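User: Could you take a close look at one part of this protein for me? I would like to hear about the helix that feeds the main nonpolar core, and then how the rest of the chain is arranged around that region.

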Amino acid sequence: MKKLLIVGLIVLSVVGMSACGSSGLSEKEQEQIVDQVENLETAEYKLLHFQMDYPAYWAEVDGIVSESYMQAMSDRIIFGYNEKEYRASDMMEMSAEEFEKHKEYMRGLVKSMGMNEEKSSIRISAPYKSEQSGEVFIYASESRELKGKTLTQMNRRYSLDKTEGAWIITAVEQDKVTIGSDGTETDAEAKLDALKYRTHEGADVQYRDNILTFKGWE
């Protein structure tokens, strides 16, 4: 039994090292890239939950994302109410007073819906190689829960390009599912299994031990 356990641990270690080394990057480069994605995930979560205004968001991500990424971000809907939507571009010139007004309204709205105790956990993978030279991928898996039950599961794949010796986040693709409280466990599992970006080149994405955790509307 001990021999089998030792063999099993060796196999797991080899698999883990293969997954982490699949990008062909040095350990230092991998850590830098993961830090960039973690910083971006944190900044965007805080922006969406009114814990950060747009100027503060921009200060956090400047230098780690491309111009094309920021252009796509500017068109993204951040919040909305009373049949009006507000995109990131609307927040660029928003005064601090107007931001606080929207923040107060949105927090009150979320609380009235019983969604103010939402919690989120985000796992980040190590970099994975791409078929394109000078490009790598990183995967993120986010679970949003309310009172211990999963509400939304999101899988994201980030693309990073090496430009002038530095890795820059250039794009993100996302797939998500919402799981209703009236659904069965089987239905929930089927939805989760159908999500994109669960695998890379046919193998399950391997995530790092560190987990980012947030309490949405605190």
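Analyst: Happy to help; what follows starts with one helix, moves to the core, and then goes on to the pocket and the strands.

Please keep in mind that this is a predicted model. As a frame for the close-up, the protein has seven helices and ten strands. Of its 218 residues, 39% are buried. Among contacts with a separation of 6 or more, 56% join residues 24 or more positions apart.

Let us begin with helix H3, which covers residues 54-61. At its start, a side-chain oxygen of Asp53 comes to within 3.0 Å of the backbone nitrogen of Ala56. Within the helix, Tyr54, Tyr57 and Val61 are buried. These residues lie on the same side of H3, because the arc they cover around the axis is only 55 degrees. A general point helps here: an α-helix has 3.6 residues a turn, so residues three or four places apart point the same way. The partners of the buried residues of H3 are helix H2 (27-48), helix H4 (67-74) and helix H5 (88-92). Just after H3 comes Gly63, with a positive phi of about 95 degrees.

One of those partners, H4, can be read in a similar way. Its buried residues include Tyr69, Met70, Met73 and Ser74. Their arc around the axis is only 140 degrees, which puts them on the same side of H4. On the face turned away from that buried side, H4 carries the exposed residues Glu67, Gln71 and Ala72.

Now to the core itself. Tyr57 of H3 is one of the three residues with the most contacts inside the largest nonpolar core, together with Leu40 and Phe79. That core has 41 residues, and H2 gives the most to it, with eight residues. Apart from this core lies another, of five residues, including Tyr128, Phe137, Tyr197 and Val205. In general, nonpolar side chains in soluble globular proteins tend to be buried together.

Phe79 is worth a closer look. Leaving out residues up to four places away in sequence, Phe79 touches Phe50, Lys84, Glu85, Tyr86, Met91, Met94, His102 and Met106. Between strand S1 (77-81) and strand S2 (84-87) there is a loop that holds Glu83. Glu83 has a positive phi of about 65 degrees, although it is not a glycine. With a relative accessible area of 87%, Glu83 is exposed. Glu201, in the loop between strand S8 (199-200) and strand S9 (203-204), also has a positive phi, near 55 degrees. Glu201 is exposed, with a relative accessible area of 58%. As background, most residues other than glycine have a negative phi.

The largest pocket brings helices and strands into one picture. About 990 Å³ of space lies in it, and 38 residues line it. Leu48, Arg76, Ile78, Arg144 and Lys176 are the lining residues that lie nearest its centre. At least two lining residues come from each of H2, H4, S1, helix H6 (96-112), strand S5 (135-146), S6 and strand S7 (166-178). S7 supplies the largest share of the lining, seven residues.

From the pocket we can step to Gln153, in strand S6 (residues 149-163). Gln153 counts as buried, because its relative accessible area is 9% and the cut-off for buried is under 20%. The side chain of Gln153 makes a polar contact with the side chain of Ser143, at 2.5 Å. Beyond its neighbours within four places in sequence, Gln153 is in contact with Ser141, Glu142, Ser143, Asp175, Lys176, Val177, Leu192 and Leu195.

Finally, Tyr207 is found in strand S10 (residues 207-215). At 21% relative accessibility, Tyr207 is partly exposed. Its C-alpha lies 9.9 Å from that of Ile122, although the two residues are 85 apart in sequence. Leaving aside neighbours within four places in sequence, the contacts of Tyr207 are with Arg123, Ile124, Ser125, Tyr139, Ala140, Ser141 and Tyr197. Two of these names have come up before: Ser141 is also in contact with Gln153, and Tyr197 is among the residues of the five-residue core.

Conventions
Residues numbered from 1 in each chain as written. Predicted model: local features only at pLDDT ≥ 70, side-chain atom pairs only at ≥ 80, totals over all residues. Heavy atoms only, no water. Helix = DSSP H or I, 4+ residues; strand = E, 2+ residues; numbered from the N terminus. Buried < 20%, exposed > 50% of the residue type's maximum accessible area, 1.4 Å probe, protein only. Polar contact = N/O pair within 3.5 Å; in protein donor to acceptor, adjacent residues only side chain to side chain. Contact = heavy atoms within 4.5 Å. Arc of directions from axis to C-beta. Core = buried A, V, L, I, M, F, W, Y, C linked by side-chain atoms within 4.5 Å. 1 Å grid on protein atoms, 1.4 Å probe; cavity = no way out; pocket = protein on both sides within 12 Å on 5 of 7 lines; lining within 4 Å. Points joined across faces, edges and corners; volume = space filled by probe spheres on them.
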